[in-house]
Amino acid sequence: MRFLFLLLLAMATTTSSQSARAEPAATDHPEARPFEESDDATAQVDAALARAQLNEKRVILVMGANWCHDSRGLAGWFAQPRFAAMLEAKYELVYVDVGHKDRNIDIARRFGLKAIKGTPTVLVLSAQGALLNRKSAPQWRDAASREEGDIFAYFDQFAAEL
């Protein structure tokens, strides 16, 4: 009888600990997974620049990956209604999958960055393709832990220059 009790106790403990590991951890930010390896990123960037010129907007290139929680976090904020409204009105938004910082690096180089040091790297471009945030573009590796208001203000400041 004691053996049966210990066996049931061991099974219950194993089941509950497996359940705890299987549940996703709660986050303080929304998340999205917009990065697609199969996308033709160069064509998407070119199309965004063309639309930006026609519509007098800026372009945001989010160079990241779905494996990166900061990339997913920033994309999650961008999908929220407050951000979506501002971005829709003032930007063309393109998500560029960089793999493990080994894919689509030619796009970063095209706009003056030598490499992708961290993800996401976020480029704000004029409609003519000028990089407007050279110093801060690689500084988004903590996007998931930034405050919503700070993220909004950062991107809203570039849009205000139009």
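So, helices and strands here are DSSP runs, at least four residues for a helix and at least two for a strand, numbered from the N terminus. With that in hand, the order of elements in this protein reads α-α-β-α-α-β-α-β-α. That comes to six helices and three strands. Keep in mind that what we're looking at is a predicted model. The chain has 162 residues, and 43% of them count as buried.

Okay, let's go to the charged pairs. Side chains of opposite charge can pair when their charged atoms come close. How many salt bridges does a search of the whole structure find? Eight. I'll walk through some of them.

Start with helix α4, residues 81-90, and helix α6. R82 in α4 forms a salt bridge with E148 in α6, and the closest N and O atoms sit 3.6 Å apart. In sequence those two are 66 residues apart, so this is a link between distant parts of the chain. Both partners are partly exposed: E148 has 28% relative accessibility, and R82 has 40%.

Now look at the other pair on these two helices. D156 and K90 meet in a salt bridge too, at 3.3 Å from N to O. D156 belongs to α6 and K90 to α4, so here again parts 66 residues apart in sequence get tied together. D156 comes out partly exposed at 26%, and K90 is partly exposed as well, at 27%.

Next one: R103 and D97. Their closest N and O atoms are 2.1 Å apart, and they form a salt bridge. Is D97 buried or exposed? Buried, since its relative accessible area is 7% and the cut-off for buried is under 20%. R103, at 24%, counts as partly exposed. There's a third residue to bring in, because E37 joins D97 and R103 in a network of salt bridges.

While we're on arginines, have a look at R58. This residue lies in strand β1, residues 58-64, and is buried, with a relative accessible area of 9%. What does the R58 side chain reach? The backbone oxygen of F158, at 3.1 Å.

Moving on to the surface. K101, K114, K117 and R141 gather there in a patch of positive charge. R141 sits in the loop between β3, residues 121-125, and α6, residues 148-159, and is partly exposed with a relative accessible area of 48%. K101 is in another loop, the one between β2, residues 91-97, and α5. At 38% relative accessibility, K101 is partly exposed.

K101 is also one to click on for its backbone. Its phi is positive, about 65 degrees, although K101 is not a glycine. E56 does this as well: not a glycine, but with a positive phi of about 50 degrees. You'll find E56 in the loop between α2, residues 41-55, and β1, and at 66% relative accessibility this residue counts as exposed.

One last backbone item. Which two residues are joined by a cis peptide bond? T119 and P120, with omega at about -5 degrees. P120 is in the loop between α5, residues 105-110, and β3.

To wrap up, if you want places to open in the viewer: the α4 and α6 pairs, R82 with E148 and K90 with D156, then the E37, D97 and R103 network, and finally the cis bond at T119 and P120. That's it from me.

How values were computed. Residues numbered from 1 in each chain as written. Predicted model: local features only at pLDDT ≥ 70, side-chain atom pairs only at ≥ 80, totals over all residues. Heavy atoms only, no water. Patch = residues over 30% accessible without salt bridge, like charges linked within 9 Å, V, L, I, M, F, W, Y side chains within 5 Å. Areas by Shrake-Rupley, 256 points an atom, 1.4 Å probe, with all protein chains shown as cover. Salt bridge = Lys/Arg side-chain N within 4 Å of Asp/Glu carboxyl O. Lys, Arg positive; Asp, Glu negative; His and termini not counted. Charge placed at Lys NZ, Arg CZ, Asp CG, Glu CD. Buried < 20%, exposed > 50% of the residue type's maximum accessible area, 1.4 Å probe, protein only. Polar contact = N/O pair within 3.5 Å; in protein donor to acceptor, adjacent residues only side chain to side chain.
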